[in-house]
Amino acid sequence: MTKLGSSDLDVARLCLGGNVFGWTADEDASFAVLDAYLAAGGNFVDTADVYSAWADGHSGGESETIIGRWLRARGNRDRVIVATKVGMLEVGGLDNLRADTIAAAAENSLRRLGVDHIDLYYAHQDDLGTPQEETLAAFDVLVRAGKVRHVAASNFTAERLTSALAVAEREGLPKYVALQQHYNLVERSYEGGLAEAVAAAGLSSAPYWSLARGFLTGKYRPGVTVDSVRAKGASKYLDERGLRVLGVLDEVAAAHGTTVAATALAWLAAQPTVAAPIASARTTGQLADLLPALDLELAADEIARLTAASEG
Ligand SMILES: NC(=O)c1ccc[n+]([C@@H]2O[C@H](COP(=O)([O-])OP(=O)(O)OC[C@H]3O[C@@H](n4cnc5c(N)ncnc54)[C@H](OP(=O)(O)O)[C@@H]3O)[C@@H](O)[C@H]2O)c1
C-alpha cells in the first residue's frame, strides 16, 4: 500500500482499470475480475462516466453501472477506493469542466455507482474554456457536501496543473491530489516537466495505459496475430525498440519467476512520483498475470536495464 499524493488514501500499488467493464468484459466476467483483484489485496478501482461511450450502442456509464452492481452485490463499499472522472462525456454535453457539468455528472456517477461518495474524482481532461476557479469551486461544493473525498487531474499539462494548484491555494479550494496521465515503458513523455510539476507539488501519478494497451504483456510478437480491440494501438510498438524492451522484460521476468506484464508494471511503479499504475484485464486469467505487480520489487540494475532498453 502507498499514500496517494497529498491525500489520505492508502492505495494498492496496482490500480484496476475499469474501461473494460461492460465493454470487452461482460457483467459476469467483470464481477469475476473485480472479485479476484480484491481477493489478492487490491483496493483501488478506476472508472469514468465516459466508459464505454465509444462502443456501438453505448452511451457512457456502462462501467460505473457494473461497478455499482458489484459493490451492492458484494456489500464491500468500505473496502474499495472508487475513482471516477468527469469532463469527457460528449453525450449530454458533459465534455467540459463547467460548474453545471460537474454538478450534473457527479450526481449521475453517484447514482450509477450506487454510493454516497466518490473517493477520488478526476477532471478527465483539461478544459481551456472554463476558468479553473469555476471548476475548482464546483469540486469544492461536492467535497463540502461529502459527495467527493478528493479531486485529481488527468491529461493536464505541467503548466495547467501548477496553475490549478495555485488557484486552489489562493482561493481556499480543493487541491488536486494526483495526476493520471499516459506513461509506460514505451511512452515516457511524462518524465521531465510533468513529473517535475507532480513531484514539486507533492502529488502522485497514477499512470494509464500502463501496459501500452497490452503490448507490455508480451503477447504482441513478430508473426503473431492478436485478436483484440486494442491490437492496432498496441501493435504499433512492435518495432526495434519494442522488441528490445520485450527482450529485457523476458529476462527480468524469468529471473523473478513472474510475468512480463507484472515486470512492466513493477518498472512503472518504481519510477519517481508513481503511486499506482492503472491496468485493466478482461478475464481472471489476464488479471492473474498482473497481480504479482501488487508487491513485485525489481532490483536497481533490472530497472536500469529496462530503462536503457526503452531509450537505447
Ligand atoms: N485518464 C485517461 O484518459 C485514461 C485513458 C485510457 C485509460 N485509462 C484508464 O487506464 C486503464 C488501463 O488502460 P487500458 O485498459 O486501456 O490499457 P492497458 O492497461 O495498457 O492494457 C490493458 C489491456 O491489455 C490486455 N491484457 C491485460 N492483461 C493481459 C494478459 N495477462 N494477457 C494478455 N493481454 C492482457 C487486455 O486487452 P485485450 O485482451 O483486449 O488485448 C487489457 O484490457 C483503463 O481501464 C482506464 O481505467 C485512463
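# A tour of the ligand site, the cavity and two backbone oddities

Start with Ser-154: a polar atom of its side chain lies 2.9 Å from a nitrogen atom of the ligand. Keep in mind that this is a predicted model.

**Stop 1: polar contacts to the ligand**

Select the ligand and Ser-154 together, and draw that 2.9 Å distance to the ligand nitrogen. Now add Asp-46. One of its polar side-chain atoms is 2.6 Å from a ligand oxygen. Next, add Gln-286. An N or O atom in its side chain lies 2.8 Å from an oxygen atom of the ligand. How much of the ligand does the protein cover? On its own the ligand has 910 Å² of accessible area, and the protein covers 94% of this.

**Stop 2: the shell**

Widen the selection to the residues around the ligand. There are 29 of them. Label the closest: Asp-46, Lys-219, Ser-228, Ser-280 and Arg-282. Asp-46 is already on screen from the 2.6 Å contact.

Colour the shell by class. You should find 13 polar, 9 nonpolar and 7 charged residues.

Then switch to cartoon. Which element gives the most to the shell around the ligand? Select helix 10: it contributes 3 residues, the most of any element. Helix 10 spans 284-290, and strand 10 spans 278-279. Each of the two supplies at least two shell residues.

**Stop 3: the largest pocket**

Hide the ligand and show the surface. The space you now see is where the ligand sits: the largest pocket. The pocket holds about 810 Å³ of space. Its lining counts 35 residues. Nearest the pocket centre are Asn-19, Trp-209, Arg-213, Arg-230 and Ser-280. Pick out Ser-280 here, since this residue is also listed among the closest to the ligand.

Colour the lining by class as before. The pocket lining has 15 nonpolar, 13 polar and 7 charged residues. Go back to the cartoon. Strand 10 and helix 10 each supply at least two residues of this lining. Helix 10 has the largest share of the pocket lining, at 3 residues.

**Stop 4: the cavity**

Leave the pocket and look for enclosed space. How many cavities of 30 Å³ or more does the structure hold? The structure has 1. About 50 Å³ of space lies in the largest cavity.

To frame the largest cavity, select Leu-97, Asp-126, Asp-127, Thr-130, Gln-132, Thr-135, Leu-136, Phe-156, Arg-160, Ala-164 and Tyr-176. By class, this lining has 5 nonpolar, 3 polar and 3 charged residues.

Turn on the helices around it. Helix 4 covers 132-144 and helix 5 covers 158-171. Each gives at least two residues to the cavity lining. Which of the elements has the largest share of that lining? Helix 4 does, with 3 residues.

**Stop 5: two backbone checks**

Select Tyr-51 and Ser-52, and show the backbone. The peptide bond from Tyr-51 to Ser-52 is cis, with omega near 0°. Where does Ser-52 lie? Ser-52 is in the loop that runs between strand 4 (44-46) and helix 2 (62-74).

Finish at Asn-155. Its phi is positive, about 60°, although Asn-155 is not a glycine. Asn-155 lies in the loop between strand 7 (148-154) and helix 5. Bring Ser-154 back into view to end where the tour began, at the 2.9 Å distance to the ligand nitrogen.

Methods:
Residues numbered from 1 in each chain as written. Predicted model: local features only at pLDDT ≥ 70, side-chain atom pairs only at ≥ 80, totals over all residues. Heavy atoms only, no water. Near = heavy atom within 4 Å. Polar contact = N/O pair within 3.5 Å; in protein donor to acceptor, adjacent residues only side chain to side chain. Areas by Shrake-Rupley, 256 points an atom, 1.4 Å probe, with all protein chains shown as cover. 1 Å grid on protein atoms, 1.4 Å probe; cavity = no way out; pocket = protein on both sides within 12 Å on 5 of 7 lines; lining within 4 Å. Sits in = over half its atoms within 2 Å of the grid points. Helix = DSSP H or I, 4+ residues; strand = E, 2+ residues; numbered from the N terminus. Nonpolar A, V, L, I, M, F, W, Y, C, P; charged D, E, K, R; others polar. Points joined across faces, edges and corners; volume = space filled by probe spheres on them.
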